[in-house]
Amino acid sequence: MMEYPDFIYAGSDELSLKIFQWLLTERCRPKAILCVVDKPRGRHLQVRPLPLVEEAKKNDIPVLQPVSLKDPQVQERIQGFQAHVLVVVSFGRFIPDSLLAKFPLGSINLHPSLLPKYRGAAPVQRALMNGETQTGVTLFRLVREMDAGPILSQSAFPITPEDTTGDVLEKVFREGAPLLLRLLHQLAVEGRVRGVPQDESQATYAPKLQSEETRIHWDRKAEDIHNQVRALNPRPGAFTSFRSHRVKIWKTRVIAHDTVSHPGEILPQRHTLSVGTGRGILEVLEIQTEGKKRMNGQEWLLGARPASGEAFGA
């Protein structure tokens, strides 16, 4: 059986949950879970435990959800678990140096990009929006500057033209979980893993998405809109409007690259929902009008029956 160091696991979202569940199947069990405070979620904004918290409690693993990580009492409690390593996967909070110093073997942060590219809160979404054909997962040591610590391990994988953020995060999980497990085993055996400094001249940034970035501007190129749509799938979704109703576009395909037409115009096609853009034509494969279920383009056409010249975003 493989040997692992005692560690605390910090996370908050679906990726951190999946990797946590996978570690448990490999008999790699943290001493405790560090998670953000529960917040109102869902349609009725009820305060419910995060899925990671529920999973930890189901497996009888202590859960810590402090308001402040700088609080000396909080840090003392964390130190009381006598963990040697802090493992961080999509935690979403700044971890102070005073807390990092409590872990003799340091920290491991899993980041869904090939650092130093796409440091920040939205690396997968930004990579897709920019039309990248490759990304990966990086394990690095936390330092004060965001996502700038020494690289401990890395793995690259391709992005296909149809991959969504959900698809890429699934690849991050498949590549990242075993990568993390091997590094934890290496730490247990060797005591320390040397990191490689990041090349600051190659650093790029992936800031948090702003609400305006989810609106489709049909005067852009078809390829750019297609990249926006897949970057915002599964959440929050790229949106436009039709007859004063908000409409989300979930899946598209570029069917012409250089055709010139009126941006947003729904083109006369019998069985496909084709839309003009600033350059090129986009086929909408999956669409959702506000208050209704998702449907394919043909189903939407049969229900909406757009008149000649009608357009999205008009």
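**Exercise 1. The core**

Find which residues touch the most other members of the largest nonpolar core in this predicted model, and which element gives the most to this core.

*Solution.*
- Step 1. The largest nonpolar core has 88 residues. Y9 and I19 touch the most other members.
- Step 2. Turn to the elements. α6 gives the most to this core, with 10 residues.
- Step 3. List the contacts of Y9, leaving aside its neighbours within four places in sequence. S16, I19, F20 and L23 are among them. So are P30, A32, I33, L34 and L52, and also V87 and V89.

**Exercise 2. Strand β1**

Decide how β1 is covered, and find the strands to which it is joined.

*Solution.*
- Step 1. Count the buried residues. Five of the five residues of β1 are buried.
- Step 2. Sort them by side. In a regular strand, side chains alternate between the two faces of the sheet. In β1, F7, Y9 and G11 take one side, while I8 and A10 take the other. Both faces are covered.
- Step 3. Follow the bridges to β6. There are five, and the two strands run parallel. G11 stands opposite V89 of β6.
- Step 4. Follow the bridges to β2. Three join this parallel pair. I8 has A32 of β2 as its bridge partner.
- Step 5. Add the helix. β1, α1 and β2 form a β-α-β unit, and the unit is right-handed.

**Exercise 3. Helix α1**

Check the length of α1 against the expected span, then describe its ends and its buried residues.

*Solution.*
- Step 1. Helix α1 covers residues 14-25, which is 12 residues. At 1.5 Å a residue, the helix should span 16 Å. Its end C-alpha atoms lie 17 Å apart, so the two values agree.
- Step 2. Look at the start. A side-chain oxygen of D13 comes to within 3.2 Å of the backbone nitrogen of L15.
- Step 3. Look just past the end. R27 has a positive phi of about 60°.
- Step 4. Name the buried residues. They are L15, S16, L17, I19, F20, L23 and L24.
- Step 5. Find their cover. It includes the strands β1, β2, β6 and β7. It also includes the helices α2 and α6.

**Exercise 4. Two aspartates with positive phi**

Place D60 and D147 in their loops, and decide for each: buried or exposed?

*Solution.*
- Step 1. Recall the background. Most residues other than glycine have a negative phi.
- Step 2. Take D60. Its phi is near 60°. D60 sits in the loop between α2 and β5. Its relative accessibility is 66%, so D60 counts as exposed. The cut-off for exposed is over 50%.
- Step 3. Take D147. Its phi is positive too, at about 55°. The loop between β8 and β9 holds D147. Its relative accessibility is 10%, so D147 counts as buried. The cut-off for buried is under 20%.

**Exercise 5. Cis peptide bonds**

Locate the prolines P116 and P236, and give omega for the cis bond that leads into each.

*Solution.*
- Step 1. Recall that most peptide bonds are trans.
- Step 2. Take the bond from L115 to P116. It is cis, with omega near 15°. P116 belongs to the loop between β7 and α5.
- Step 3. Take the bond joining R235 and P236. This one is cis as well, with omega about 0°. P236 belongs to the loop between α7 and β10.

Notes:
Residues are numbered from 1 along each chain as its sequence is written. This is a predicted model: local features need pLDDT of at least 70, side-chain atom pairs count only at pLDDT 80 or more; totals for chains, interfaces and linings use all residues. Side-chain values use heavy atoms; hydrogens and water are left out. Helices (H or I, at least four residues) and strands (E, at least two) are DSSP runs, numbered from the N terminus. The expected span of a helix is 1.5 Å times one less than its number of residues. Buried means under 20% relative accessible area, exposed over 50%, partly exposed in between (1.4 Å probe, protein chains only). Contact means heavy atoms within 4.5 Å. A polar contact is a pair of N or O atoms within 3.5 Å; within protein, one must be able to donate a hydrogen and the other to accept it, and residues adjacent in sequence count only if both atoms are side-chain atoms. A nonpolar core is a set of buried Ala, Val, Leu, Ile, Met, Phe, Trp, Tyr and Cys residues joined through side-chain atoms within 4.5 Å. Two strands pair if DSSP finds at least two bridges between them. A crossover is right-handed if, with the strands pointing away from the viewer, the path from the first strand over the helix to the second runs clockwise.
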